[in-house]
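The following report describes a protein model in terms of its charged pairs, its domains, its nonpolar cores and its backbone exceptions. Please consult the sequence and structure shown here while reading.

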Amino acid sequence: MLKFAVVRGGLGLLSVRRACFLSRSSHSAPQNEYRPIKKVMVANRGEIAIRVFRACTELGIRTVAVYSEQDTGQMHRQKADEAYLIGKGLPPVAAYLHIPDIIKVAKDNGVDAIHPGYGFLSERADFAQACSDAGVRFVGPSPDTVRKMGDKVEARSLAISAGKEVKWGFCSTLDKMGPKKVFLITSLSPDFFTLPTFCLSSGDKYGNVVHLYERDCSIQRRHQKVVEIAPGFQLDPHLRDRLHADAVNLAKQVGYENAGTVEFLVDKHGKHYFIEVNSRLQVEHTVTEEITDVDLVHAQLRVCEGRSLPDLGLKQDKIRVNGCAIQCRVTTEDPARGFQPDTGRIEVFRSGEGMGIRLDSASAFQGAIISPHYDSLLVKVIASGKDLNMAASKMSRALAEFRVRGVKTNIPFLQNVLSNHQFLHSTVDTQFIDENPELFNLKPTQNRAQKLLHYLGHVMVNGPTTPIPVKAKPSSTDPVIPSVTMADPPMGFREVLLRDGPEGFAKAVRAHQGLLLMDTTFRDAHQSLLATRVRTHDLKKISPFVSHNFSNLFSLENWGGATFDVAMRFLSECPWKRLQELRALIPNVPFQMLLRGANAVGYTNYPDNAVFKFCEVAKENGMDIFRVFDSLNYLPNMLLGMEAAGAAGGVVEAAISYTGDVSDPMRQKYSLDYYVKLADELVKAGTHILSIKDMAGLLKPEASKLLIGALRDRFPDVPIHVHTHDTAGAGVAAMLACAEAGADVVDVAVDSMAGMTSQPSMGAIVACTKGTKLDTGIALEKVFDYSEYWEVTRGLYAPFDCTATMKSGNADVYENEIPGGQYTNLHFQAHSMGLGNKFKEVKKAYAEANKLLGDLIKVTPSSKIVGDLAQFMVQNNLTRAEVEERADELSFPQSVVEFLQGYVGIPHGGFPEPFRSKVLKSLPRIEGRPGATLPPLDFKALEEGLRAAHGDEITPEDVMSAAMYPKVFQEFKDFTANFGPVDCLSTRLFLDGPKIAEEFEVELERGKTLHIKALALGDLNKAGQREVFFELNGQLRSVLVKDTVAMKEMKFHPKAQKSIKGQVGAPMPGKVLEVKVKVGSKVEKGQPLCVLSAMKMETVVNSPISGTVKAVHVEPETSLEGDDLILEIEE
């Protein structure tokens, strides 16, 4: 058999049988009498049932629907005057094939005629005969004609006797789904060109036959029509005439009555060949109606009543083609997954309408349930125009207007077909879809509004998605944004950087008269005070004010460090988008980020090329200054980060992490000499700026003078930048002392975000230096406006505010040396664990843990190591002496073990012995820089994997996020897939959701604003869900939200975790037909595991990997939802 797809087309014919063909005896005259139909049953469901009901209503005929147990909620039963259940206890499809039930309903309810629609029983001769035997008219050909046309061998013989050329034979089988056609190609030349033509004909009881021209149904997938056109496109006029004549002649030959379709095949030489006759109405009859203005269902019913075609005005010379019509079948199938049927609840339905558009739908409405039991047709869209291009244009516009949410549809695929040049301007055949893979380059739907409603509903039902440290509600007061002029912001230091490069920038900083400030409000301040939870939404609001009024800042610290992963992990934001948006709003002030040396923005070691690539992408997205540090001041780690930042074209600011007290002669591990020698190495390595990072706020004024004075004397031409925290309350004094000693830049935070574990007050520094040689040049009244915005904004983050548990700073930081951000976190943790009254013990244990580990530089991640050990000691009631004594038997936190192995680097003075050896025993130890031996990261492979998992919208920034935090990025993408981007929500709505009856606006983008009102919260249903009701832009919307608390008490089928390779989930909803493996079975990649059935389609689920079946979670007849766990495989 040659591998040629059969393109099928047809001529519609509404043919009428002669009287002698219809009669069973010689009394033909009475049988041709007009007998009006008063009540019609449609032995079908969905769209075609509704189509017939509408025609009946227009003709004044009463209607009867039948429905299966699974179709109780379907629209077709509501559109009829009466509706009756059939096939009780039978499978879904079998119910509509149960002839006895259908006939009984007809007889019991005075039905005159039964219309079979298409599919199901429409071409079953035994059904037509059963109707006749029951005295009920069958709207269609006689049983004998249905039998002849259904028997492909006999149909072929009739065609040959009528002089039609036939290229192959046919056989017909019958299965539980109804008639099943099998085409057996007996001869087909190599140059055969498959072009389908469907000729529609009509005949009456008086021998009249007319054709209604042809349809082209070439756009097919697996022999299923996708797009239908009438009349045939680019069809030779002489060929068209021959097709029409042959269709009419064949109908007359068999005495055909009612509507039918003759299908032909056309080769590339213009010869046509008979395929078959469809003795019924077809799905695509609509396009014939549109171009001929003939209502085929009206005609079917009238012919069945005994009317002649001339009575109906159907004479061949009066039937004309008017323009072109296209039909697209919109189905609930996912083209991206091989057109797998999708099921579920339609949450949103908005159709495309307007001039030239007709919609024939079934249950296409908001709230409709799409079940797996029947075909996936949602709505037929028919577009009419003067020609193909006009009809296609109208169709494209209508499809673009559709909004279907809750289930996947094939609309993106249809839009690609309609815009394809070959489809619009050339001949297509049934290979069109296979030969145009670009049709599957689908533009993803955004679905932003409905996803936002899902998120808001989720928060209303289950509470915030981000962990809340304390029980406090966000403030209901929104901040007032200070006004700015419409003019461009004044030039700032970034202009110098862009013009003169990093070296020129550093010289300009050093030459600047007065004290420069770096504002940490956008990063470290809220990391220290508000658990790093400040959202881009609130940063963007104040950004124009900062750009216009603080252009003389040295820089704005707004990125890197903990903010990178927290953005994805807890705020469900893209950190790169934050950088991009802030850069657009603040073009004139340099941005600064915190880079953890060889750890980039992570907590682990990365391959060297990953650190270099990260810096490169950060620079491309608007980052200017890279403050590079290492948590142990381990020089090899710092040098790698510096090299990466420099190679990216950024300003390199090498930061020495400060601990101890250089003014205390009794503390000599971290002496003045230590810091100066380390600074020597960093300057030799080419740093543009030298920084002191006092992460715990340990710099006292006297120590500040000593350290900064020594560095200024040693490096007179290198700018010096000092960062501190105000935990002890001496931050302003220390920074003024640094400035007097020669520092060029000090860090501050705006007043309402300053103090305690944050940075010193901007207003205080500005006021104290005003009129002196250190004057900052910043207007104090603008600081007040800036502070007022953040004072109110801070109230939005009340659930994270450290003042909920910590009322002041504490000078004991000089003893425990806890970094600012960690001090806040430990305080929260102690209170959440009921140990608030024991926080003093936690701090004491921190100091003891630090000594156990050899007196470390403490900044992320080394500070976490000390903190983990401290909490371990408190929880187990251990003293420092007891830990040292029992080190070989205790089970230490993993972070402590890995530090002692050398995964973080080598601390100044080496590892503590014998503590290290007792803890590690025989565990391996790393010598040298931890990341030096890591193989390069394969970015191409990583990107390909991300595209396979998330689609082609993956950006270089996404690749870097996945490289830094693979699991966090995956969870972030899962979140956005479910809820969309939520950064457009106000912070109160993001954290707490709306109150019932609350009205609010959400701006999706410029010019697109949603008006939302929260209406009600429904009761718990059997699936563990609550329905949440909203009003969106004046229309009722609802979403179903799983109640996570209630579901813990209810049993549900587990879901497959996409991140676990061996977990195999259901690719679509359906029922398990067969399980081909069992626990312990060895399987190969691609081996069939089980068979699912849904929507008349069987799907084989194959193994994604080779391995052993660990667990099977299904059995035959198990009903599954999409992604339900089928089985687990171990590699």
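A salt bridge is here a side-chain nitrogen of Lys or Arg within 4 Å of a carboxyl oxygen of Asp or Glu. By this rule, Arg51, Glu289, Glu290, Asp295, Arg358 and Asp360 are linked in a network of salt bridges. The search of the whole structure finds 60 salt bridges.

The model is predicted, so local features need pLDDT of at least 70 and side-chain atom pairs count only at pLDDT 80 or more, whereas totals for chains, interfaces and linings use all residues. Residues are numbered from 1 along each chain as its sequence is written, and side-chain values use heavy atoms, with hydrogens and water left out.

**Individual salt bridges**

Four of the pairs are listed below.

| Pair | Closest N to O distance |
|---|---|
| Asp144 and Lys148 | 3.3 Å |
| Glu401 and Arg397 | 3.2 Å |
| Glu581 and Lys540 | 3.4 Å |
| Arg667 and Glu817 | 2.6 Å |

Helices and strands are DSSP runs numbered from the N terminus (helices H or I, at least four residues; strands E, at least two). Asp144 and Lys148 are 4 residues apart in helix H7 (residues 143–150), so about one helical turn separates them. For accessibility, buried means under 20% relative accessible area, exposed over 50%, and partly exposed in between (1.4 Å probe, protein chains only). Asp144 is partly exposed at 31%, whereas Lys148 is buried at 16%.

Glu401 and Arg397 likewise lie 4 residues apart, in helix H12 (residues 388–401), and are separated by about one helical turn. Glu401 is partly exposed, with a relative accessibility of 30%, and Arg397 is partly exposed at 29%.

The salt bridge between Glu581 and Lys540 joins two helices: Glu581 belongs to helix H21 (residues 575–585) and Lys540 to helix H19 (residues 536–549), so the pair ties together parts that are 41 residues apart in sequence. Glu581 is partly exposed at 21%, as is Lys540 at 31%.

**Domains and the interface of domains 4 and 5**

An automatic or database domain assignment supplies the domain bounds. The protein is divided into domain 1 (39–139), domain 2 (141–166 + 190–322), domain 3 (323–433), domain 4 (512–682 + 690–804), domain 5 (812–920) and domain 6 (1051–1130). The C-alpha centres of domain 4 and domain 5 lie 25 Å apart. Their contact (heavy atoms within 4.5 Å) takes 34 residues from domain 4 and 26 residues from domain 5.

The size of an interface is often given as the accessible area lost when the parts come together. Buried area is that loss on putting two parts together, summed over both (1.4 Å probe). Domain 4 and domain 5 bury about 2700 Å² between them, with 62% of it on carbon and sulfur atoms. On the domain 4 side, Ser631, Leu632 and Lys669 lose the most area to domain 5, together 24% of what that side buries. The rule finds 1 salt bridge across this interface.

**Nonpolar cores**

A nonpolar core is a set of buried Ala, Val, Leu, Ile, Met, Phe, Trp, Tyr and Cys residues joined through side-chain atoms within 4.5 Å. The largest such core has 177 residues, and those with the most contacts inside it are Leu517, Phe522, Phe614, Tyr786, Trp790, Phe892 and Met964. Helix H16 (residues 448–462) supplies the largest share of this core, 8 residues. At least three residues of the core come from each of domain 4 and domain 5. Apart from this core lies another, of 39 residues, among them Ile219, Ala364, Ala392 and Phe423.

With residues up to four places away in sequence not counted, Tyr786 touches Asp519, Thr521, Phe522, Ile542, Phe545, Val546, Phe550, Val750 and Met762.

**Backbone exceptions**

Most residues other than glycine have a negative phi, and most peptide bonds are trans. A cis peptide bond joins Ala230 and Pro231, with omega about -5°; Pro231 lies in the loop between strand E11 (224–230) and helix H9 (237–254). Another cis bond joins Thr860 and Pro861, with omega about 5°, and Pro861 is placed in the loop between helix H31 (839–852) and helix H32 (862–875).

Glu817 has a positive phi of about 60° although it is not a glycine. Glu817 sits in the loop between helix H29 (813–816) and helix H30 (820–832) and counts as buried at 3% relative accessibility. Asn1033 also has a positive phi, near 50°, and is found in the loop between strand E33 (1025–1032) and strand E34 (1035–1042). Asn1033 is partly exposed, with a relative accessible area of 43%.
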